[in-house]
Amino acid sequence: MTAAPSTPEIPTTTLNNGVVMPMIGYGVFLTPPEETERAVREAIEVGYRSIDTAQAYRNEEGVGAAVVGCGVPREELFLTTKIWFSNAGEATAARSIDASLRRLGTDYVDLLLVHQPFGDYYGTYRAMEAALQAGRARAIGVSNFFPDRFVDLAENVDVAPAVNQMETHVFNQQVASRPWYSKYGTALESWGPLAQGRKGIFTHPVLTAIGQAHGKTAAQVALRYLLQRDVIIIPKSVHRDRMIANLDVLDVVLTEEEMAAIAALDEATPLTANHYDPEFALGLMERYALPKD
């Protein structure tokens, strides 16, 4: 087993409402419910302080159990969850927020997101604004909102989204989209920062060569690139060694030439989730509907 580094000083960013958020977090997408408590507890042990889950992941209970039992004070942890479209609409979303808090064993989350731009997400956002006002969320935002829907929402709500969580990695860098989020002071957070292993990212020759110059892996270079572009990242692994490796990106600075070489890898196309594709959207809604909370 690889030894954990001394507690890393994870960089932070200040969101548009003044809340401070770690730039590196731990994601639990596709982590089986029965493994979640152990995985999150280990992530906290090796230094993560931001944990990202969602109603649709069906593992909020495991996250909550790890947070309650980890020995780290709740106020030192940053907890994110997301409202699924099955719970869209103001009244239903409000009930689902209560249910998520119960599953997580906490009376507030640090960041609450609309997970998908489907259903009555305006009603969902109003419920989130009410949760923010009531202190049940410290910040609110969205996930998977491409610029058109993002701008439409941001122009018609009282509280600008603090975060937009998008598929962002070296092959899809959100270069054209990002200025629209920045217009509202909205931070870009990457889901799938390692492209979910696609396109040979772990052995990519450009990333590998840069990594060799710094004593890092291709994956670490890909994560470091996003951090240097001020993108929040939430890499996921259930393996302790990889959890540690994904944090071990703070002692290197990529040069301008290296950053340019990685920028050239951008294909500006989603690899896994194109919400402009009606077949993808319909399939997502048909296959992943949850019972209402």
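In this predicted model, Ser96 lies in helix H3, which covers residues 90-104. Ser96 counts as buried because its relative accessibility is 0%, and the cut-off for burial is under 20%. Its side chain is not without a polar partner: a polar contact of 3.1 Å joins the side chains of Ser96 and Gln55. Leaving out residues up to four places away in sequence, Ser96 touches Gln55, Ile83, Asn87 and Asp293. Gln55 thus appears both as a contact and as the polar partner.

The chain as a whole has eleven helices and ten strands. It has 293 residues, and 56% of them count as buried. A compact globule with that number of residues would have a radius of gyration near 19 Å. The chain has 18 Å, so the value agrees with a compact globule. The C-alpha trace spans about 55 × 40 × 35 Å along its principal axes. Contacts between distant parts of the sequence are frequent. Among contacts with a separation of 6 or more, 75% come from residues 24 or more positions apart. The chain exposes about 12,400 Å². Carbon and sulfur atoms supply 52% of that area.

The largest nonpolar core has 83 residues. Tyr26, Leu112, Val170, Leu207 and Ile262 have the most contacts inside it. Helix H8, residues 218-228, gives this core its largest share, eight residues. A second, separate core has nine residues, among them Trp84, Trp191, Phe280 and Ala281. Tyr26 illustrates the contacts made by a residue of the larger core. Neighbours within four places in sequence aside, Tyr26 is in contact with Ala39, Val40, Ala43, Tyr48, Ser50, Ile51 and Asp52. Tyr26 is also in contact with Ile234, Pro235, Ser237, Val238 and Met243.

Helix H8 is mostly covered, with ten of its eleven residues buried. The buried set runs through Ala218, Ala219, Gln220, Val221, Ala222, Leu223, Arg224, Tyr225, Leu226 and Leu227. What do the buried residues of H8 pack against? Two strands are among the partners, S9 (187-191) and S10 (232-233). The helices H7 (205-214), H9 (240-247) and H10 (256-263) are partners as well.

Gln220 is a polar residue within helix H8. Its relative accessible area is 8%, so Gln220 is buried. A polar atom of the Gln220 side chain lies 3.0 Å from the backbone oxygen of Ala245. Ala245 is also one of the residues that Gln220 touches, with Asp248 and Val249, when residues up to four places away in sequence are not counted.

Beyond the helix, the chain enters the loop between H8 and S10, where Arg229 has its place. Is Arg229 buried or exposed? Arg229 is buried, because its relative accessible area is 18% and burial means under 20%. The side chain of Arg229 reaches the backbone oxygen of Gln173 at 3.2 Å. Not counting residues up to four places away in sequence, Arg229 touches Gln173, Val175, Arg178 and Met259. Tyr57 is 172 residues from Arg229 in sequence. In space the two are 28 Å apart, C-alpha to C-alpha. Asp230 also follows H8, and its phi is positive, near 60 degrees.

Aromatic rings add a further set of links. The count comes to nine aromatic pairs. One of them joins Phe150 and Tyr184 in an edge-to-face arrangement. The ring centres are 5.7 Å apart, and the planes make an angle of 70 degrees. Phe150 lies in helix H5 (residues 147-154), and Tyr184 lies in the loop between helix H6 (178-182) and S9. The pair therefore ties together parts that are 34 residues apart in sequence. Both rings belong to buried residues: Phe150 has a relative accessible area of 0%, and Tyr184 counts as buried at 14% relative accessibility. Elsewhere, ring pairs link Trp84, Phe85 and Phe118 into a cluster. Trp84 of this cluster is also included in the second core.

Key
Residues numbered from 1 in each chain as written. Predicted model: local features only at pLDDT ≥ 70, side-chain atom pairs only at ≥ 80, totals over all residues. Heavy atoms only, no water. Core = buried A, V, L, I, M, F, W, Y, C linked by side-chain atoms within 4.5 Å. Buried < 20%, exposed > 50% of the residue type's maximum accessible area, 1.4 Å probe, protein only. Helix = DSSP H or I, 4+ residues; strand = E, 2+ residues; numbered from the N terminus. Contact = heavy atoms within 4.5 Å. Polar contact = N/O pair within 3.5 Å; in protein donor to acceptor, adjacent residues only side chain to side chain. Rg over C-alpha atoms; globule rule 2.2 N^0.38 Å. Areas by Shrake-Rupley, 256 points an atom, 1.4 Å probe, with all protein chains shown as cover. Phe/Tyr/Trp six-rings, centres within 6.5 Å; stacked < 30°, edge-to-face > 60°.
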